[in-house]
Amino acid sequence: MPKINVYLPESLAEAVRDTGVPVSAVCQHALELAVRRVTMVRATISGGADLADPQLEGSLCSLTSRAHSVLTDAQRRAQAQGAAEIGTGHVLGGMLAETGNLALRVLQTLDIEPAQIQRALDQRTPGAPAADGSQPPPFGPHAAAVCELAVNESTGLGNNYIGCEHLLLGLVGEPDGEAGQILRGLGAELRATRRAVAAALAGYLHHMLAQG
C-alpha cells in the first residue's frame with residue numbers, strides 16, 4: 001500500500017500520541033471524503049448540465065444555496081452573452097449579484113468594494129460566442145478549476161460545505177482566469193484572503209454560539 005507522509009504541528013502531534021488517535025484511519029477517511037467531493041463536482045461540471053435544474057442540486061457536493069445561486073447565475077450570464085463557455089468572470093459576476101454573501105464581506109475587509117470589481121469586469125472583452133446559444137454553456141477549464149479549488153479550500157478549512165467564501169478563494173487561487181487577475185490586481189492575495197475567510201468564519205461561529 002502506498003505511503004503518504006502527514007506533517008503535524010508539534011502540539012498536535014504530541015496530543016495525537018497521548019490520545020492514541022489512529023492517524024492512518026482518520027487520514028484515509030478524510031482523504032476519501034475529499035476525493036469524493038472533488039470527483040462529484042468534476043463530474044457535474046464536465047457534463048455541461050443546466051445548473052438551474054433542481055435535480056442537480058444534490059450532486060453539487062454540499063454547495064450552499066448562495067454558492068449554488070452564484071454558479072447558476074454564472075451560467076445564465078454566459079448564455080445571455082452567447083459565450084461558448086462559462087468563464088471565471090461569469091462566476092465573479094454571479095458572486096457580485098448574490099449580494100450580502102460572506103465572500104463580499106471578506107473582500108470589504110481587504111478594502112475591495114463590489115463596485116471596484118464590477119468596473120474591472122465591465123472593462124473586459126467578452127469571449128468568443130458559442131455556435132448554439134440556445135444550450136447552457138459548459139464550464140470552461142478555468143472556471144472548472146475554480147470549483148475544484150473551492151472544494152479543496154473548504155476541506156482545508158475543515159468545512160463540510162462549499163460556500164461563496166470558498167468560491168472566492170478558488171477565484172483568487174486560479175492563476176489564469178480573468179477573475180483571479182482582477183481580484184489579485186485589486187489586492188486580494190491568496191494567503192491574506194484565506195486568513196480573512198478563516199477569521200470571518202471564526203467570528204460567525206462565535207456569534208452563533210453566543211446566540212445559542
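What follows is a chat about a predicted model and the reasons behind the labels used for it.

User: What makes up the secondary structure of this protein?

Analyst: The protein has 10 helices and 0 strands. Read from the N terminus, the elements go α-α-α-α-α-α-α-α-α-α. Of its 212 residues, 37% count as buried.

User: Let's start with one residue, then. Why is His-166 called buried?

Analyst: Buried means under 20% relative accessible area. His-166 comes in at 0%, so buried is the right label. This residue is found in helix H8.

User: What does His-166 touch?

Analyst: Leaving out residues up to four places away in sequence, His-166 touches Ala-150, Glu-153, Ser-154, Leu-157, Asn-159 and Tyr-161.

User: And what makes the pairing of His-166 with Asn-159 a polar contact?

Analyst: A polar contact needs a pair of N or O atoms within 3.5 Å, and one must be able to donate a hydrogen while the other accepts it. The side chains of His-166 and Asn-159 make such a contact at 2.8 Å, so the distance fits the cut-off.

User: Let's go to the loop between H5 and H6. Why is Asp-111 called exposed?

Analyst: Exposed means over 50% relative accessible area. Asp-111 has 63%, so it counts as exposed. Asp-111 lies in that loop between H5 and H6.

User: What makes the phi of Asp-111 worth a look?

Analyst: Asp-111 has a positive phi of about 65 degrees although it is not a glycine. Most residues other than glycine have a negative phi. As for where to look, you'll find Asp-111 just after H5.

User: Glu-113 lies in the loop between H5 and H6 too. Why is Glu-113 called partly exposed?

Analyst: Partly exposed is the range between the buried cut-off of under 20% and the exposed one of over 50%. With a relative accessible area of 36%, Glu-113 lands in between, so that's its label. Here's another fact about Glu-113: in sequence Leu-186 is 73 residues away from it, yet in space the two are 9.4 Å apart, C-alpha to C-alpha.

User: Which residues of helix H5 are buried?

Analyst: In H5, residues 102-109, you'll find Leu-102, Ala-103, Leu-104, Val-106 and Leu-107 buried. At the start of this helix, a side-chain oxygen of Asn-101 reaches to within 3.0 Å of the backbone nitrogen of Ala-103.

User: Now helix packing. How do you know that H4 meets H6?

Analyst: Contact means heavy atoms within 4.5 Å. On the H4 side, Gly-89, Leu-92, Gly-93 and Leu-96 meet Pro-114, Ile-117, Gln-118 and Leu-121 of H6. By class, this contact has 5 nonpolar, 3 polar and no charged residues. The two helices pack at an angle of about 145 degrees, with axes 11 Å apart, and their crossing is left-handed.

User: Why do residues three or four places apart turn up on one side of a helix?

Analyst: An α-helix has 3.6 residues a turn, so residues three or four places apart point the same way.

User: What about H4 and H8: how do they cross?

Analyst: Their axes come within 11 Å and cross at roughly 150 degrees. H4 passes H8 in a left-handed crossing. Thr-88, Val-91, Leu-92 and Met-95 of H4 make the contact with Cys-164, Leu-167, Leu-168 and Leu-171 of H8.

User: How many residues of the contact of H4 with H8 are nonpolar, polar or charged?

Analyst: This contact has 7 nonpolar, 1 polar and no charged residues.

Conventions: Residues are numbered from 1 along each chain as its sequence is written. This is a predicted model: local features need pLDDT of at least 70, side-chain atom pairs count only at pLDDT 80 or more; totals for chains, interfaces and linings use all residues. Side-chain values use heavy atoms; hydrogens and water are left out. Buried means under 20% relative accessible area, exposed over 50%, partly exposed in between (1.4 Å probe, protein chains only). Helices (H or I, at least four residues) and strands (E, at least two) are DSSP runs, numbered from the N terminus. Axes are lines fitted to C-alpha atoms, for helices over the stretch in contact, and angles run from 0 to 180 degrees between N-to-C directions. A crossing is left-handed if the near helix is turned anticlockwise from the far one by less than a right angle, and right-handed if clockwise. Ala, Val, Leu, Ile, Met, Phe, Trp, Tyr, Cys and Pro count as nonpolar, Asp, Glu, Lys and Arg as charged, and the others, Gly among them, as polar.
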